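Please load the model in your viewer and keep the selection panel at hand. The stops below are meant to be taken in order.

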Amino acid sequence: LAAGENVILLDLEDTPISVVSRLRLVGTPDGQTVGQLIYIRPTDPFGPVAMSHLLDLIEQRNVTAIVIDSLGEAFGTEGINEDRDNEVGPWLRAVARVLAVDGPAVVLIDHSTKTADNKLHPSGSKRKRAAIGGASYLVEAVTGFVKGGSGRLRLTCAKDRHGTYRRGEHVAWLDMDTQP
């Protein structure tokens with residue numbers, strides 16, 4: 001948004017009011033939010049009509065990024081068992097890959113396992129990991145974010161198809177301060 005690009009947020013977990021409030025807290029001007037953020041709150045499966053609509057939006061608005069928040073909720077809407085490769089794989093090919101073919105970056109937000117021995121990877125099917133065409137990162141809140149305060153995230157490489165980072169390598173810190 002800050003670079004003037006159009007972004008689609010497919011938000012299955014939050015509300016428009018909350019998203020706009022968070023964007024304002026980190027300094028996003030309302031003009032960018034209103035003019036460049038295409039907010040969609042899907043309640044139905046990603047069938048042919050929904051996919052056609054999304055592909056039209058990508059082309060008409062020159063969308064450069066699509067965020068799906070989150071895979072668990074999307075799978076729930078679709079009736080997909082996240083532990084079954086034969087259900088997860090076809091969805092990733094029919095939705096995430098189809099959206100990426102038109103050019104935008106597709107960011108899939110998923111939740112990692114709770115076990116310490118496998119925290120770099122999401123819960124459920126290994127198809128989620130195999131489908132990654134770019135990179136996957138574990139995002140950990142080292143210091144939680146609060147209104148009027150600051151917070152810190154640590155990004156750790158879980159998978160990098162391009163070989164820029166090693167698995168388990170800490171690649172970035174994100175510090176944000178919402179104080180004026």
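Select Asp85 first, in this predicted model: with a relative accessible area of 25%, Asp85 is partly exposed. Add Arg127, which likewise counts as partly exposed at 30% relative accessibility, and look at the salt bridge between the two, where the closest N and O atoms are 3.9 Å apart. Since Asp85 lies in helix H5 and Arg127 in helix H6, the pair ties together parts that are 42 residues apart in sequence.

Move next to Lys128, which is buried, with a relative accessible area of 6%. Show Asp110 beside Lys128, and their side chains can be seen to meet in a salt bridge at 2.8 Å, N to O; because Asp110 belongs to the loop between S4 and H6 while Lys128 sits in helix H6, this pair links parts that are 18 residues apart in sequence. Asp110 itself is partly exposed, at 22% relative accessibility.

Now add Glu82, whose side chain forms a salt bridge with that of Lys128 at 2.6 Å, N to O. Glu82 lies in the loop between helix H4 (71–78) and H5, so its pairing with Lys128 in helix H6 (residues 127–130) ties together parts that are 46 residues apart in sequence. Through shared partners, Glu82, Asp110 and Lys128 are joined into one network of salt bridges.

Then select helix H5 (residues 85–101), which lies across strand S3 (63–69) and S4 and runs at about 140 degrees to S4. Finally, colour the 4 strands of the open sheet, which follow the order S2-S1-S3-S4 with parallel pairing, the edges being strand S2 (37–40) and strand S4 (105–109).

Technical notes
Residues numbered from 1 in each chain as written. Predicted model: local features only at pLDDT ≥ 70, side-chain atom pairs only at ≥ 80, totals over all residues. Heavy atoms only, no water. Pairing = 2+ DSSP bridges. Helix = DSSP H or I, 4+ residues; strand = E, 2+ residues; numbered from the N terminus. Contact = heavy atoms within 4.5 Å. Axes fitted to C-alpha atoms, helices over the stretch in contact; angles between N-to-C directions. Salt bridge = Lys/Arg side-chain N within 4 Å of Asp/Glu carboxyl O. Buried < 20%, exposed > 50% of the residue type's maximum accessible area, 1.4 Å probe, protein only.
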